[in-house]
Amino acid sequence: MDDIKLIKRFKAGEKIAINELYDRYSNKLYRFALGYLKSDAEARDIVQEVFVRLWNNRKDLEESTKFEAFLFTVTKNIVVSTFRKKIIEKEYLDHLKYLVIDNHSDTETQVDYALLSEKVSSLITQLPAQQKKVYILSKEKGYTNKAIAEELDISIKTVERHITKARRFLKENLGNYGIIALLFYELFIR
């Protein structure tokens, strides 16, 4: 039976006609789709989708259509659509990966900050009593050198010397923790 008669029967809703069209064209469409997708399962899915669309839109099919060329066009359009979906999925997955990495970095940074902050607090307790008082008044309470000198009844030069020694002690002891610790020192202690 030629395609035109088969298409008339197909448009009339004869299921035997769709089976015959499937038997006639499915292998060609499969090889065509497989050539692009390189996946047996995806190629089979494409062929199924072509015939489902064909069945759902059978009333719109023109009998004079070059049927084989029409099927290959539909197959090609579905393959292109599949590629677009894959690109969108890849971009979405890349975006999710970026968010996970970025979130992980933020969490890691928070943990690093907490650990370093804890280490600094521990080191401050190791300072000599007068140095510790000067450092706490300067860095934690925000006193000026002059205000510290008046509060502790010492000279401004002594205040500066205590702050310098305290910073040096902290920097030396944080140096063992790598570049993050030195950055922490520069940002929060200096």
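Phe32 and Tyr36 sit 4 residues apart in helix 2, so about one helical turn separates them. I should say at once that this is a predicted model, and that what I describe is computed from it. The two rings form an aromatic pair of the edge-to-face kind, with 5.2 Å from centre to centre and 75 degrees between the planes. As for the surroundings, Phe32 counts as partly exposed at 24% relative accessibility, and Tyr36 is likewise partly exposed, with a relative accessible area of 44%.

Which residue joins Phe32 and Tyr36 in a cluster linked by ring pairs? That residue is Phe72, and it brings in another helix, since Phe72 lies in helix 4, which runs over residues 67-125. Phe72 is partly exposed as well, its relative accessible area being 22%. If we leave aside residues up to four places away in sequence, Phe72 touches Lys28, Leu29 and Phe32. For Leu29 we also have a backbone distance: the C-alpha atoms of Phe72 and Leu29 are 6.7 Å apart in space, although the two residues are 43 apart in sequence.

Let me now turn to the wider set of rings, of which the structure holds 5 aromatic pairs. One of them is formed by Tyr22 and Phe51, whose ring centres are 5.0 Å apart and whose planes meet at 65 degrees, so that this pair, too, is edge-to-face. The angle decides the label here, because planes over 60 degrees apart count as edge-to-face. Why does this pair tie together parts that are 29 residues apart in sequence? The reason is that Tyr22 lies in helix 2, residues 15-37, whereas Phe51 lies in helix 3, residues 40-56.

Are Tyr22 and Phe51 buried or partly exposed? Tyr22 counts as partly exposed at 28% relative accessibility, while Phe51 is buried, with a relative accessible area of 6%. The assignment follows from the cut-off, because buried means under 20% relative accessible area.

Finally, there are rings with a charged side chain over the face, and I would like to mention two of these. Arg44 lies over the face of Tyr30, at 4.8 Å from the ring centre. Arg58, in turn, is placed over the face of Trp55, and there the distance to the ring centre is 3.9 Å.

To return to where I began, the Phe32 and Tyr36 pair is part of a cluster that ring pairs extend to Phe72, and the Tyr22 and Phe51 pair ties helix 2 to helix 3.

Conventions: Residues numbered from 1 in each chain as written. Predicted model: local features only at pLDDT ≥ 70, side-chain atom pairs only at ≥ 80, totals over all residues. Heavy atoms only, no water. Phe/Tyr/Trp six-rings, centres within 6.5 Å; stacked < 30°, edge-to-face > 60°. Helix = DSSP H or I, 4+ residues; strand = E, 2+ residues; numbered from the N terminus. Buried < 20%, exposed > 50% of the residue type's maximum accessible area, 1.4 Å probe, protein only. Lys NZ or Arg CZ within 6 Å of the ring centre and 35° of its normal. Contact = heavy atoms within 4.5 Å.
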